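Here are my notes on this one, as promised. Have the model open while you read, and go through the points in order.

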Amino acid sequence: MTARAAAGPQATVEVRDLRAADLEAVARIDALHTGRRKTAYWKRVLPSFVGRRARPDRVGIGAALAGRLVGYLLGEVRAFEFGSEPCGWVFAIGVDPGRLRKGVASLLLDEACLRFREAGVPHVRTMVRRNDVPVMSFFRANGFVGGSFVQLALELGDRS
């Protein structure tokens, strides 16, 4: 699939399946957003998202500009406890800071939603830190709203 993320011939962005060779670019983009280089994590996680047909319940897509990876999205079909039906989950999305606000993430999300539909699930979910306003705004601008589940957390630090 090829799509335009912004006006001009230099802005043609190819949305494609992730490849094993994308590992370093994914780790680099993630580090630019999180402040931590997690190469070991990506070496462990990324291989199971490479090769679309190998795992139809997984989505591993990249956005490339002139052959260089400028964005990625990872997701999978999951069903959790507490009565949640199978749905698509987006659990990682990242765009090179030089390509932010140029439609790259939306192209990735559109392709992921298409693939989730093909997998037969009716909903897509994600989790976002409530203080991560740019990411929250991105998902809301793309139609995401508060869901029917509330995530709860418990700190185990000094619990007796």
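In which sense do β5 and strand β6 pair, and over how many bridges?

1. Parallel, over 2 bridges. Keep in mind throughout that this is a predicted model. Strand β6 is residues 124-125, and its R125 is the bridge partner of W89.

2. On to the other pairing of β5. Strand β4 (residues 68-78) runs antiparallel to β5, and 8 bridges join the two. If you want a place to start looking, take R78, whose bridge partner in β5 is C87. Strand β5 itself spans residues 87-95 and is mostly covered, with 7 of its 9 residues buried.

3. The connection from β5 to β6 is worth a look too. Together with helix α3 (residues 104-118), these two strands make a β-α-β unit, and the unit is right-handed.

4. Now the charged pairs. Searching the whole structure turns up 10 salt bridges. One of them joins R115 and D17, with the closest N and O atoms 2.6 Å apart. R115 sits in helix α3 and D17 in strand β2 (residues 12-17), so this pair ties together parts that are 98 residues apart in sequence. The two ends are not covered alike: R115 counts as buried because its relative accessibility is 10%, under the 20% cut-off, while D17, with a relative accessible area of 27%, is partly exposed.

5. Back to β4 for another pair: R68 forms a salt bridge with D96, the closest N and O atoms being 3.2 Å apart. R68 belongs to strand β4 and D96 to the loop between β5 and α3, so parts 28 residues apart in sequence are tied together here. At 44% relative accessibility R68 is partly exposed, whereas D96 is buried, its relative accessible area being 10%. As for networks, D17, E111 and R115 are joined into one by salt bridges that share partners.

6. There is also a salt bridge between R16 and D22, where the closest N and O atoms are 2.8 Å apart. Both of these residues are buried.

7. Last, T34, which is found in helix α1 (residues 23-34). Its side chain has a polar atom 3.2 Å from the backbone oxygen of R36. T34 counts as partly exposed, with 41% relative accessibility. For a sense of distance, the C-alpha atoms of T34 and S148 are separated by 28 Å, and the two residues are 114 apart along the chain.

Note on methods. Residues numbered from 1 in each chain as written. Predicted model: local features only at pLDDT ≥ 70, side-chain atom pairs only at ≥ 80, totals over all residues. Heavy atoms only, no water. Helix = DSSP H or I, 4+ residues; strand = E, 2+ residues; numbered from the N terminus. Buried < 20%, exposed > 50% of the residue type's maximum accessible area, 1.4 Å probe, protein only. Polar contact = N/O pair within 3.5 Å; in protein donor to acceptor, adjacent residues only side chain to side chain. Pairing = 2+ DSSP bridges. Right-handed = clockwise from strand over helix to strand, strands pointing away. Salt bridge = Lys/Arg side-chain N within 4 Å of Asp/Glu carboxyl O.
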